[in-house]
Amino acid sequence: MFDHAFTFVLDREGGFVDHPLDKGGATNMGITQRSYNAWRSSQTLPIKAVKEITVDEVEQIYRQSYWINGRCDDIAWTHPDTATVHFDACVNHGLSRAARMLQEAIGSVKVDGIIGPKTMAALLDMSDANIAQNYIGHRYHFYHRIVRSNPSQLVFLRGWIARIRHLAASVNVPWQW
């Protein structure tokens, strides 16, 4: 399951970018310089430019920092499409915001950004397809809220929407927005 989600995210993230309006700063294959520094430090490796990151390093970071820490591995047992959507959100929005979006997509749990036993149990009350579709819808509206609150981010909106359109197709969710 991780391999499918990893391939999707890697295809969407592309290579090195350092757009002056991107709040994440220098990024390569979806990994920011700050995240890369933290990972290399945790591995007792010297800091180096994110432009030099390898696919193997990216896979290790994605697997631990986003797939496992985001609880995607637990979600995938019963809801593989939701796990893919959630993994992409963890990478794109961060773990806490992605957890809140997942909880909003479920709708019947407290939105606190913590995927605990209640959130995991609530997953079982909805179909994988319904949660994945709701989740993508929340992300669509979130991107638009970003642009409304900070019009300089409009430059990224087309790419963000293309990303979630591809995500919907990847998990066989009809696009309705």
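Begin on the outward side of helix 9 in this predicted model, where selecting Arg-158 and Ala-169 shows two exposed residues. Helix 9 itself runs over residues 154-170, and its 17 residues reach 25 Å from the first C-alpha to the last, close to the 24 Å expected at 1.5 Å a residue.

Now select the buried residues of helix 9, which are Phe-156, Leu-157, Trp-160, Ile-161, Arg-163, Ile-164, Leu-167 and Ala-168. Because they cover an arc of only 160 degrees around the axis, they lie on the same side of helix 9. Show helix 1, helix 5 (80-93) and helix 8 as well, since these are the elements against which the buried residues of helix 9 pack. Before leaving this part of the chain, step to Asn-172, just after helix 9, which takes a positive phi of about 60 degrees.

Keep Arg-163 selected and add Asp-88. The two form a salt bridge whose closest N and O atoms are 2.6 Å apart, and the pair links distant parts of the chain, with Asp-88 in helix 5 and Arg-163 in helix 9, 75 residues apart. Both Asp-88 and Arg-163 are buried. Salt bridges that share partners join Glu-13, Asp-88, Arg-139 and Arg-163 into one network, so the next selections follow its other members. Take Arg-139 next: its side chain meets that of Asp-88 in a salt bridge (2.8 Å, N to O). Asp-88 lies in helix 5 and Arg-139 in helix 8, so this pair ties together parts that are 51 residues apart in sequence. With the cut-off for burial at under 20% relative accessible area, Asp-88 counts as buried at 0%, and Arg-139 counts as buried at 0% too.

Glu-13 is the remaining member to select, and it lies in helix 1 (residues 2-13). A polar contact of 2.9 Å joins the side chains of Glu-13 and Arg-163. Leaving aside neighbours within four places in sequence, Glu-13 is also in contact with residues including Met-29, Gly-30, Tyr-62, Val-91 and Asn-92.

From Tyr-62, move to the largest nonpolar core, which has 55 residues, and in which Ile-31, Tyr-62 and Phe-87 touch the most other members. The largest share of this core, eight residues, comes from helix 8 (residues 128-149). Centre the view on Phe-87 and display its contacts beyond four places in sequence, among them Phe-2, Phe-6, Tyr-62, Tyr-66, Trp-67 and Cys-72.

Follow helix 8 to Val-147, a residue that counts as buried at 13% relative accessibility. Beyond its neighbours up to four places away in sequence, Val-147 touches Gln-153, Leu-154, Leu-157 and Trp-160. For the next move, draw a distance from Val-147 to Pro-46: their C-alpha atoms are separated by 37 Å, and the two residues are 101 apart along the chain.

At Pro-46, select Arg-40, which touches Leu-45, Pro-46, Ile-47, Lys-48 and Glu-57 when residues up to four places away in sequence are not counted. Arg-40 lies in helix 2 (residues 33-42) and is buried, with a relative accessible area of 7%. Its side chain is joined to that of Glu-57 by a polar contact of 2.7 Å.

End the tour at Asp-74 and Arg-71, a salt bridge in which the closest N and O atoms are 2.8 Å apart. Here Asp-74 is partly exposed, with a relative accessible area of 29%, and Arg-71 counts as partly exposed at 27%. The salt bridges in the model come to six.

Technical notes:
Residues numbered from 1 in each chain as written. Predicted model: local features only at pLDDT ≥ 70, side-chain atom pairs only at ≥ 80, totals over all residues. Heavy atoms only, no water. Helix = DSSP H or I, 4+ residues; strand = E, 2+ residues; numbered from the N terminus. Buried < 20%, exposed > 50% of the residue type's maximum accessible area, 1.4 Å probe, protein only. Polar contact = N/O pair within 3.5 Å; in protein donor to acceptor, adjacent residues only side chain to side chain. Contact = heavy atoms within 4.5 Å. Core = buried A, V, L, I, M, F, W, Y, C linked by side-chain atoms within 4.5 Å. Expected span 1.5 Å × (residues − 1). Arc of directions from axis to C-beta. Salt bridge = Lys/Arg side-chain N within 4 Å of Asp/Glu carboxyl O.
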